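The exercises below are to be worked with the sequence and the model open side by side. Each task is followed by a solution in steps.

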Amino acid sequence: MSDPRFFSRSGPFSLREVAAAVDGSLQDGADGDRVIADVAPLDGAGSDDLSFLDNRKYIAAFEASRAGFCLVAAEFAARAPAGMTVIVCEQPYLAFALAARKFYPQAAPEPWISPDARIDREAELGADCRVEAFAVIGAGARIGARCHIEAGATLGAGVILGDDCRVGSGASLLCCIVGSRVAIDPGARIGTQGFGFAVGPRGPVRIPHTGRVVIEDDVEIGANTTIDRGTTGDTFIGRGTMIDNQVQIAHNVQIGRGCILAGQAGLAGSSQMGDYAMIGGKSGLANHVKLGKGARVGAQSGVVDDLEAGGTYLGAPAIPIKDFWRQQIAIRRLVSRGKGA
Amino acid sequence: MSDPRFFSRSGPFSLREVAAAVDGSLQDGADGDRVIADVAPLDGAGSDDLSFLDNRKYIAAFEASRAGFCLVAAEFAARAPAGMTVIVCEQPYLAFALAARKFYPQAAPEPWISPDARIDREAELGADCRVEAFAVIGAGARIGARCHIEAGATLGAGVILGDDCRVGSGASLLCCIVGSRVAIDPGARIGTQGFGFAVGPRGPVRIPHTGRVVIEDDVEIGANTTIDRGTTGDTFIGRGTMIDNQVQIAHNVQIGRGCILAGQAGLAGSSQMGDYAMIGGKSGLANHVKLGKGARVGAQSGVVDDLEAGGTYLGAPAIPIKDFWRQQIAIRRLVSRGKGA
Amino acid sequence: MSDPRFFSRSGPFSLREVAAAVDGSLQDGADGDRVIADVAPLDGAGSDDLSFLDNRKYIAAFEASRAGFCLVAAEFAARAPAGMTVIVCEQPYLAFALAARKFYPQAAPEPWISPDARIDREAELGADCRVEAFAVIGAGARIGARCHIEAGATLGAGVILGDDCRVGSGASLLCCIVGSRVAIDPGARIGTQGFGFAVGPRGPVRIPHTGRVVIEDDVEIGANTTIDRGTTGDTFIGRGTMIDNQVQIAHNVQIGRGCILAGQAGLAGSSQMGDYAMIGGKSGLANHVKLGKGARVGAQSGVVDDLEAGGTYLGAPAIPIKDFWRQQIAIRRLVSRGKGA
């Protein structure tokens with residue numbers, strides 16, 4: 001399925017190998033020696049491909065699929081069409097992720113330092129890095145092993161990166177300390193000065209931003225996302241947090257571990273997200289507000305007060321999701337009553 | 001009017017030539033040999049300039065204008081001030097676009113391959129391309145004729161571009177197949193991996209994104225816009241679609257032909273826009289929702305369910321625009337009643 | 001407090017010097033010869049550090065702080081903990097900005113023209129500029145004195161910059177005239193073509209954008225912000241205006257002096273902001289609307305009609321903030337009544 005111009009595939013693998021890799025089980029009589037060539041969506045998969053069913057919405061597509069192999073929960077296994085061999089698993093989507101990683105493993109970059117990269121004499125690079133053309137690495141920067149710095153990325157003086165990081169083309173890193181296995185997509189801007197000034201009698205007075213951005217291990221940062229450094233003190237992003245494209249994170253924001261920030265979300269200065277909290281696309285946190293641990297905020301919401309851990313919220317201002325829908329219903333009723341009158 | 005530092009003008013052209021180019025008609029007694037030097041807005045135009053009136057709101061400006069020539073609908077022609085010669089046309093704004101293109105034609109770039117560009121030996125470039133300093137073109141890339149790759153743009157391995165494309169400064173293209181006459185503005189990121197992972201017992205598991213971005217002919221993509229590639233399968237943008245700045249398009253989104261996406265709009269994973277659909281600035285489509293053919297969604301709206309073809313919608317969640325305004329009125333009444341009580 | 005990898009500090013300074021610099025006064029018996037080493041937040045400051053109290057919310061932190069020195073309004077001076085010396089001032093946050101600038105003065109860049117920058121023979125550079133690797137400056141560009149063009153920034157043909165400007169890494173400037181002391185953060189795109197086309201029988205017809213972007217002195221432009229040039233005529237940004245990250249400013253927008261635009265705000269074509277107006281994060285102005293002088297629009301609002309000078313507005317559509325909260329209360333009441341029924 002994948003275009004060989006862009007991707008190289010591993011395998012093929014036997015049904016038995018794949019089932020083991022995804023912690024799935026085969027049904028009686030399945031031939032574990034059969035060969036799987038690739039992963040594919042239900043509607044595009046062929047007889048050598050592995051697909052998955054994770055959502056009731058797609059049962060019809062599952063029943064019509066020509067996939068030779070499919071990851072599926074036990075309750076749907078019996079509905080597989082003729083010619084499909086199922087691998088039963090508890091979390092088919094997670095299993096699919098694991099299978100896809102088997103066919104398309106994330107390889108370490110081929111080590112290479114382009115003669116067109118400009119690396120300061122006082123920068124340190126770990127073993128087996130790849131630094132592409134027109135990348136710039138400043139004095140005192142310390143880059144770990146197997147990092148991949150793509151074309152035109154700029155790492156300012158003193159920046160620290162752990163091992164196995166990727167910095168996308170054209171990204172800018174300043175005043176930041178980054179852990180290992182961090183992926184930064186093209187065009188991200190990290191460590192820029194915050195939007196901070198005091199208003200004086202002759203207009204705004206810029207406040208020097210002398211803080212940093214600290215990013216823990218296993219974080220992902222999307223394309224064209226911006227993360228300002230702290231005014232004093234650090235902007236902080238905890239381990240395993242996933243940040244989508246075009247997210248804006250202001251000075252001194254504190255994000256816990258394992259958080260999820262969808263596209264075009266925005267966090268104003270000094271706002272906080274507890275561990276495993278989640279905010280939807282285009283949502284915002286106001287200055288200094290705190291989103292509790294594991295709280296979830298829907299898309300296009302605006303958080304203007306602290307919100308409790310574990311809750312689910314929606315709207316601008318964001319309120320508990322049940323209240324949001326109650327309001328919507330009440331407004332609709334109000335309109336129909338108005339019509340009747 | 002235009003600054004010669006930045007733009008070079010063609011012409012001058014005779015009134016007759018311009019009227020023909022815009023499919024307009026002259027009034028009795030107009031001297032078709034008179035000369036028009038430039039296009040300009042109503043309030044800045046002089047006696048050699050051509051302006052236009054397209055909106056009733058600007059009739060006063062039209063009546064006060066010193067423009068020597070003006071594109072105008074028949075119904076307003078009689079209100080032209082003394083000294084103004086009108087060209088009567090059905091769609092004055094469209095006529096203005098055509099006239100402006102006559103004075104400022106889009107020239108093919110001057111062919112040049114900068115010695116500071118890095119083009120892989122295994123990339124193919126068509127005739128008469130312009131590739132500026134610090135651009136990078138990867139192995140197996142195939143670029144059509146007369147393409148203009150601006151300074152610092154990066155085209156990854158295998159990327160395909162048709163003829164007459166422009167890739168703006170600092171843009172990044174990966175894993176994409178692009179048609180002809182496609183304009184990509186500076187800082188756009190195309191083909192980055194999608195925001196997709198499965199949540200496992202030890203945190204999120206990244207799903208490899210082995211799809212592509214497919215962009216048909218005559219598409220425009222604004223500055224700092226981001227378009228992720230498909231998880232498996234393609235993210236697709238149909239012919240003639242216009243995308244403004246800072247739009248976010250997630251993995252596997254399907255956009256039809258002739259669509260319009262205004263600034264800072266966001267389309268979540270696998271959402272769809274039918275042909276000629278339109279979404280306003282800062283609007284969003286949720287995962288998997290489908291906006292019907294020719295449907296229009298106003299600014300700052302949130303589409304959370306499929307919306308029918310041809311309708312006009314507003315609000316978050318987006319509803320038919322009449323219902324949105326009815327709700328606004330009902331809420332306002334509710335407040336005034338509350339005051340009275 | 002600040003990380004010496006990234007920042008170099010001036011000083012130390014005597015208490016007397018600092019008090020003079022911030023226009024503050026010492027209390028009776030204070031020893032003006034004592035030495036202050038750095039600025040720091042209340043909870044991180046030590047005995048040699050200067051902090052500030054600007055918000056009642058932080059009085060507890062103030063009373064618990066170990067800061068040796070603190071900027072504070074007269075009314076709170078008596079609540080300073082033992083061991084803290086206060087500098088009394090009218091606007092502690094403004095005073096802190098001034099103090100921080102004393103410890104971390106904005107230095108002119110070290111003059112240097114990288115041999116890896118590509119500067120057109122017909123461009124002019126003022127004295128003492130710094131132009132880093134892979135920057136590109138086009139023909140006819142005129143750059144003032146002491147400008148700092150960071151790595152990979154691109155300045156197109158004819159662009160004009162005043163003195164003491166900074167253009168961040170990877171930013172793109174086209175068709176623009178920029179004043180002095182303007183700071184442009186990494187990845188900003190200025191002078192790109194606007195999103196303008198007329199709809200004809202065979203689809204959209206691109207309108208050539210032959211205007212410019214004009215930016216006055218002392219403006220700041222955030223990372224990955226985009227500013228389109230005018231269709232005809234100029235997009236204009238007045239003196240001292242502060243623009244945050246990921247703001248979108250369309251063709252022909254007119255922004256007055258001293259305005260503030262928070263992150264991810266968006267201004268549609270030909271919209272206007274009067275002097276000292278302010279719009280919150282993620283807020284939008286529709287085409288052609290005018291926000292009056294000194295008006296303030298809260299976060300995530302949508303301005304669809306002209307709004308009067310001096311007012312404060314919230315919501316989408318934006319209404320006077322009192323009305324917004326009245327509506328919220330009315331809706332909440334409606335829901336609770338609905339429950340009772």
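**Exercise 1. Positive phi**

Does A:His288 count as buried, partly exposed or exposed, and how many C-beta neighbours does A:His288 have inside 10 Å? Treat B:Asp218 in the same way.

Solution. This is a predicted model, in which local features need pLDDT of at least 70, side-chain atom pairs count only at pLDDT 80 or more, and totals for chains, interfaces and linings use all residues. Residues are numbered from 1 along each chain as its sequence is written, while chains are lettered from A and ligands numbered from 1 in the order in which they are written.

Step 1. Take the cut-offs: a residue is buried if 20 or more other C-beta atoms lie within 10 Å of its own, exposed if 12 or fewer, and partly exposed in between, with C-beta atoms placed from the backbone.

Step 2. A:His288 has 14 C-beta neighbours inside 10 Å and therefore counts as partly exposed. Its phi is near 70°, a positive value in a residue other than glycine.

Step 3. Locate A:His288: the loop between strand 35 (284-285) and strand 36 (290-291) of chain A. Helices (H or I, at least four residues) and strands (E, at least two) are DSSP runs, numbered from the N terminus.

Step 4. B:Asp218 is not a glycine either, and its phi is positive at about 65°. B:Asp218 lies in the loop between strand 24 (212-215) and strand 25 (220-221) of chain B. Because 22 other C-beta atoms are within 10 Å, B:Asp218 is buried.

**Exercise 2. Cis peptide bonds**

Find where C:Pro12 and C:Pro317 sit, and give the omega of the bond before each.

Solution. Step 1. The bond from C:Gly11 to C:Pro12 is cis, with omega near 0°. C:Pro12 belongs to the segment before strand 1 (13-14) of chain C.

Step 2. From C:Ala316 to C:Pro317 the peptide bond is also cis, with omega near 5°. C:Pro317 is in the loop between strand 39 (312-314) and strand 40 (319-320) of chain C.

**Exercise 3. The fold of chain A**

Describe chain A by its elements, its open sheet and its domains.

Solution. Step 1. The secondary structure of chain A consists of 4 helices and 40 strands. Its C-alpha trace spans about 80 × 75 × 30 Å along the principal axes, and 58% of its 341 residues count as buried.

Step 2. An open sheet of 12 strands has the order 8-11-14-17-20-25-28-31-34-37-39-40 in chain A, with mixed pairing. Two strands pair if DSSP finds at least two bridges between them. Strand 8 (112-113) and strand 40 (319-320) of chain A are the edge strands, each pairing on one side only.

Step 3. Strand 8 of chain A runs parallel to strand 11 (residues 130-131) of chain A, joined by 2 bridges. A:Val131 in strand 11 stands opposite A:Ile113.

Step 4. Domain 1 (13-103) and domain 2 (171-322) divide chain A; the bounds come from an automatic or database domain assignment. The centres of the two domains of chain A, taken over C-alpha atoms, are 38 Å apart.

**Exercise 4. Relating and joining the chains**

State how chain B maps onto chain C, then list what chain B gives to each contact.

Solution. Step 1. A turn of 120° and a shift of 0.0 Å along the axis lay chain B on chain C with an RMSD of 0.0 Å. That is the relation of a three-fold axis. Copies are superposed by least squares on the C-alpha atoms of residues with pLDDT of at least 70 in both.

Step 2. Two residues are in contact if their C-beta atoms, placed from the backbone, lie within 7 Å. Between chain B and chain A, 43 residues of chain B are in contact with 49 residues of chain A. Helix 4 of chain B gives the largest share of the side of chain B that touches chain A, 5 residues. That side divides into 17 nonpolar, 22 polar and 4 charged residues.

Step 3. The classes are as follows: Ala, Val, Leu, Ile, Met, Phe, Trp, Tyr, Cys and Pro count as nonpolar, Asp, Glu, Lys and Arg as charged, and the others, Gly among them, as polar.

Step 4. The contact of chain B with chain C takes 47 residues from chain B and 43 residues from chain C. Helix 3 of chain B gives the most to the side of chain B that touches chain C, with 6 residues. By class, this side has 23 nonpolar, 17 polar and 7 charged residues.

Step 5. Only 19% of the interface residues of chain B are also interface residues in chain C, so the copies meet through different surfaces.
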